[in-house]
Amino acid sequence: MALIRSYQCSIIVLLLSQACFHVWSARPLRDRADIAVTDEEGAPTLPKGLSDVLNLSDPIWTEVDPVRPGRRDRYLHEFQESLKDIACFCKTVSTGTCKDNVNPDNPKGFGNQPWGPQFYDREKHTCCKMDWDASWNLVGKMGWEVQREGNERDFSKCMKDTFQARQPFDSRPGCCAVANGSTNFNVPINQATELTSIFLEDPKTSRSELGFMKTSPVFSLEDIADTEIQDFDGKPVTKQDIEKMLKHYEDLFTVKDPFILESLKSQSSHVFACTGSFDDMSECKHLRSHAPAQCCCNKASATPSQVCLKAPKKEGSQSKVEEKKIQELEYSEHNFGGYPSGSLSEKHHPEEEDEFEDKVQGMPDPNGGAEDLLEWVKAEGKQWKSDAVCKHKRMVPRVKQTVIQPAYTEQVRTGRYYGEGQDEIMETVQHAAKMSYQKADPEEMCDQWEWTRECPSDEALYDKVIKPGECMSADQQQQNHLVSKDPFMYECPVGHVDPSTHADCRCAVTC
């Protein structure tokens, strides 16, 4: 699931200040206070608030990379320099005017407010944002002010935002959409939290970059509202029903990011993430807006199998298939430096003479699922066992070849020119390798092999064709439908499997 909305600013060696996605001229604040970022042992120390979002146990700070020994020092230096240009800005706003500015190309927002995630304090009516102070030349104007505690910058107001702060005092529970693939629910919540994080290395490119991230809203089971909503079919759903469902699908939905779990100081092992943002949260009316659907595969057709089948022969085939066959190799001889050198080659491999049809349909699997008529394709290159037995050998003359001079190309002059006063036309000449030849001891080689079929003479070896699954719905009106596991959860019907329990089950489309 998409858990992080990233507002990324790259570090440049010359440390040109940048607003996210925009390059700005360096313009540090006149009253900027220096920030000490390392202690006596070289580990970083952080201003108020930043320690909540930067993981000081990260190997970036604690380990020396044997492959890149200067990596830790480089991060410390870049972080120390860049941190001087970060501040938490706040301004007084009216209710509902502190939304994330996620589009840096919006001309209405250009120059009037910081980019990216913003945090709202309902009690003080302030809107706060962490940004690069040297890149933003309107500090002190438009009401934005740097937050400080004494001589140090204070980041605590730019660390966390809650759904409660964003809503009127008499608001109803918010609706958090929890989704993973085709499985999704709408969960009524009393509280959810968004957090600011800092990343020091791009997870995709591993390049050194400093940027800000705002997580999607996250909540725990304790935050679920004790209110009753309906499912897609009108059945009432309670808080206990929702808790049970989320626990059932915890592998799909629970947040496992240690930063988020640590920042929330949550004692619950069940923390979930919403899709979208606080602005997307309206009142929950239905747990699911429509009948759930998922991919289901016929278990027999989704289980790989390679078996011998009594398959029909190709049209016009008259020859009898033998369980054993003798293969004669063809002998040929060439002259190298006056010495004969022999070789053996195949005329025809037994695989090329197989008489059975390449595909058969409507045959059950002898290994199980006999009631299912399946499609099969002949196992290519596997009709005969690989351990053929040599039935006859002969002595083959051999010649030892030694390279005296390797082949090479040469550019030679032609005496012709592209035009008067222009370059001479050159010609590429290929020179063959120079070889020496000596008579070697003859080699004993097999010129007659006996092959044995994998299957009896009236059968051939076939692979089962794995059929894609189909999307099944919980709608009982459909011919193939999901079956109820309990009042609010469904599973594939008997004889079918889903991708979570069967690796070969796949659907051609997303359900």
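The protein's secondary structure adds up to 7 helices and 33 strands, where helices (H or I, at least four residues) and strands (E, at least two) are DSSP runs numbered from the N terminus. Do keep in mind that this is a predicted model, in which local features need pLDDT of at least 70, side-chain atom pairs count only at pLDDT 80 or more, and totals for chains, interfaces and linings use all residues. Residues are numbered from 1 along each chain as its sequence is written, and side-chain values use heavy atoms, with hydrogens and water left out.

**Overall figures**

- Of the 511 residues in the protein, 41% are buried; buried means under 20% relative accessible area, exposed over 50%, and partly exposed in between (1.4 Å probe, protein chains only).
- The accessible surface of the protein is about 29,200 Å², and carbon and sulfur atoms account for 48% of that surface; the areas come from the Shrake-Rupley method with a 1.4 Å probe, and for residues only the protein chains shown count as cover.
- Taking contacts (heavy atoms within 4.5 Å) between residues at least 6 apart in sequence, 72% join residues at least 24 apart.

**Strand pairing**

- Strands of a sheet pair through backbone hydrogen bonds, either parallel or antiparallel; here two strands are taken to pair if DSSP finds at least two bridges between them.
- One open sheet has 3 strands in the order β30-β19-β33, and their pairing is antiparallel. β30 (470–473) and β33 (496–497) are at the edges with a single partner strand each, so one side of each has no neighbour in the sheet.
- β19 (residues 293–298) pairs with β33 over 2 bridges in the antiparallel sense, and Cys297 has Val497 in β33 as its bridge partner.
- β26 (residues 408–417) and β27 (residues 424–431) run antiparallel and are joined by 7 bridges. One of the bridge pairs puts Glu410 opposite Val429 in β27.

**The β26–β27 hairpin**

- This hairpin has 6 residues between its strands, and Gly421 takes a positive phi near 80° there.
- Tyr418 sits in the loop between β26 and β27, and this residue is exposed, with a relative accessible area of 58%. Leaving aside residues up to four places away in sequence, Tyr418 touches Asp423, Glu424 and Ile425.
- Glu424 also forms a salt bridge with Arg413, with the closest N and O atoms 2.8 Å apart. The pair links Glu424 in strand β27 to Arg413 in strand β26, 11 residues apart.
- Glu424 is buried at a relative accessible area of 16%, whereas Arg413 is exposed at 64%.

**A positive phi outside glycine**

- Most residues other than glycine have a negative phi, and most peptide bonds are trans.
- His125 has a positive phi near 55° and lies in the loop between β5 (119–121) and β6 (126–132).
- Is His125 buried or partly exposed? Its relative accessible area of 34% makes His125 partly exposed.

**Nonpolar cores**

- A nonpolar core is a set of buried Ala, Val, Leu, Ile, Met, Phe, Trp, Tyr and Cys residues joined through side-chain atoms within 4.5 Å.
- The largest such core has 26 residues, and those with the most contacts inside it are Val187, Phe219, Ile242, Leu246 and Met281. At least two residues of this core come from each of β11 (174–180), β12 (183–189) and α4 (239–248).
- Another core, of 11 residues, lies apart from the largest one and has Val307, Val321, Met363 and Leu374 among its members.
- Ile242 touches Val187, Pro188, Ile224, Ile229, Val237 and Leu287, not counting residues up to four places away in sequence.

**Other salt bridges**

- A salt bridge is a side-chain nitrogen of Lys or Arg within 4 Å of a carboxyl oxygen of Asp or Glu, and the count by this rule is 10.
- Asp231 pairs with Arg288, with the closest N and O atoms 2.7 Å apart. Asp231 is in the loop between β16 (229–230) and β17 (236–237), while Arg288 is in the loop between β18 (271–273) and β19, 57 residues apart.
- Asp231 is buried, with a relative accessible area of 0%, and Arg288 is buried too, at 6%.
- Lys378 pairs with Asp358, with the closest N and O atoms 3.3 Å apart. This link connects Lys378 in strand β24 (residues 374–378) to Asp358 in the loop between β22 (339–346) and β23 (359–363), 20 residues apart.
- Lys378 counts as buried at 14% relative accessibility, whereas Asp358 counts as partly exposed at 42%.
- Salt bridges with shared partners join Lys310, Asp458 and Glu459 into one network.
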